[in-house]
Amino acid sequence: DGGRYLVSFTPDKSPPAPTPIEKGQGTRAASVAERDLQEELRAVRSELQSTVVHLETANEELKASSEEATSVNEELQSTNEELETSKEELQSFNEELHTVNNQLQDKIGELESTTNDLNNLLAGSETATLFLDTSLRIRWFTPGTKDLFDLASTDLGRPISHFAQKFADLNLRTDAETVLEKLNSVEAEVPSESGRWYARRMLPYRTRDNRIAGVVV
């Protein structure tokens, strides 16, 4: 009524008709596609070959690195064994050193005890005793020696000829040299400035291994 219409649009589900291709045109298209495919295949083969070469090179380098690492590991193991051996030797040496040190400490203690005994013995004696080395330098002296020489503990090592005598003895040095030469004792009587007379006796200073190390006055 009134001259109106309803227009409806629906999709066309039928396939489009193929565009007719000429025979020559289809052959050319196939040839181009085949050539492109072959070129792509050649490119893929070339890339695959390059990948294989790189892989073989990488495998050889990896093998060389593995052999080098094995060699380094063997050297490291050998070094560790040597270090372990050195450690054991050092430990054994330390034990021996500790033992020797203990023995040395015992010897030092014995020596200190003997020295103390000797010092007290000589300090309690009124005998003036002078110890000289082979060059007639002062090695040691007892307290009684100070009545005959002006000596101090700092004078050890100085020649006895550097000190003035408080007694008349012109042959002190000569007799000391004679004792060192002939290894015989020499005795003499000498007067002091205070009017006292002394019996002066010299004899060789012998070590425990019977070596002459000076003169005892």
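A salt bridge, as the term is used here, is a side-chain nitrogen of Lys or Arg within 4 Å of a carboxyl oxygen of Asp or Glu. The pair E177 and R173 meets this description, with the closest N and O atoms 3.3 Å apart. The structure under discussion is a predicted model, and this report describes its sheet, its helix α2, its nonpolar core, its charged pairs and its aromatic pairs.

## The sheet and the helix across it

Five strands make up an open sheet in the order β2-β1-β5-β4-β3, and their pairing is antiparallel. Because β2 and β3 stand at the edges with a single partner strand each, one side of each is left without a neighbour in the sheet. From one strand to the next, the twist averages 20°.

At one end of this order, strand β1 (residues 130–132) pairs with β2 in the antiparallel sense, over three bridges. L132 has I138 in β2 as its bridge partner. The two strands, β1 and β2, form a hairpin with five residues between them. Within the turn, L136 has a positive phi of about 60°.

Helix α2 lies across β3, β4 and β5 (212–216). Relative to β4, the helix runs at about 30°.

## The nonpolar core

The largest nonpolar core has 19 residues. Those with the most contacts inside it are L130, I138, F149 and I160. Two or more residues come from each of the elements β1, β2, α2 and β3 (186–191). The greatest contribution is that of α2, which gives three residues.

F149 merits a closer look. Apart from its neighbours within four places in sequence, F149 is in contact with L130, I160, F163, A164, Q165, K166, F167 and L172. Two of the residues in that list, L130 and I160, are also named with F149 among those with the most contacts inside the core.

## Salt bridges

Side chains of opposite charge can pair when their charged atoms come close. The structure holds seven salt bridges, including the three set out below.

| Pair | Closest N to O distance |
|---|---|
| R200 and D169 | 2.9 Å |
| D175 and R200 | 2.8 Å |
| E177 and R173 | 3.3 Å |

R200 takes part in a salt bridge with D169 and in another with D175. D169, D175 and R200 are thus linked in a network of salt bridges.

What parts of the chain does the pair of R200 and D169 link? The salt bridge between these side chains connects distant parts: R200 is in strand β4 (residues 197–206), and D169 is in the loop between β2 (138–141) and α2 (172–182), 31 residues apart. The salt bridge between D175 and R200 likewise links distant parts of the chain, with D175 in helix α2 and R200 in strand β4, 25 residues apart.

The members of this network are buried. R200 and D169 are both buried; R200 has a relative accessible area of 7%. D175 is buried as well, because its relative accessible area of 14% falls under the 20% limit.

The salt bridge of E177 with R173 has another setting. These two residues are four residues apart in helix α2, so they are separated by about one helical turn. E177 is partly exposed, with a relative accessible area of 39%, and R173 is partly exposed at 42% relative accessibility.

## Aromatic pairs

How many aromatic pairs does a search of the whole structure find? The search gives three. In one of them, the rings of F131 and Y205 have their centres 6.0 Å apart and their planes at 90°, so the arrangement is edge-to-face. Because F131 lies in strand β1 and Y205 in strand β4, this pair ties together parts that are 74 residues apart in sequence. F131 is buried, with a relative accessible area of 14%, whereas Y205 is partly exposed at 23%. Together with W140, F131 and Y205 form one aromatic cluster.

Another pair joins F149 and F167, whose ring centres are 5.4 Å apart and whose planes stand at 85°, so this pair is edge-to-face too. Both F149 and F167 lie in the loop between β2 and α2, and the pair ties together parts that are 18 residues apart in sequence. Both residues, F149 and F167, are buried.

Key: Residues numbered from 1 in each chain as written. Predicted model: local features only at pLDDT ≥ 70, side-chain atom pairs only at ≥ 80, totals over all residues. Heavy atoms only, no water. Buried < 20%, exposed > 50% of the residue type's maximum accessible area, 1.4 Å probe, protein only. Pairing = 2+ DSSP bridges. Core = buried A, V, L, I, M, F, W, Y, C linked by side-chain atoms within 4.5 Å. Contact = heavy atoms within 4.5 Å. Axes fitted to C-alpha atoms, helices over the stretch in contact; angles between N-to-C directions. Phe/Tyr/Trp six-rings, centres within 6.5 Å; stacked < 30°, edge-to-face > 60°.
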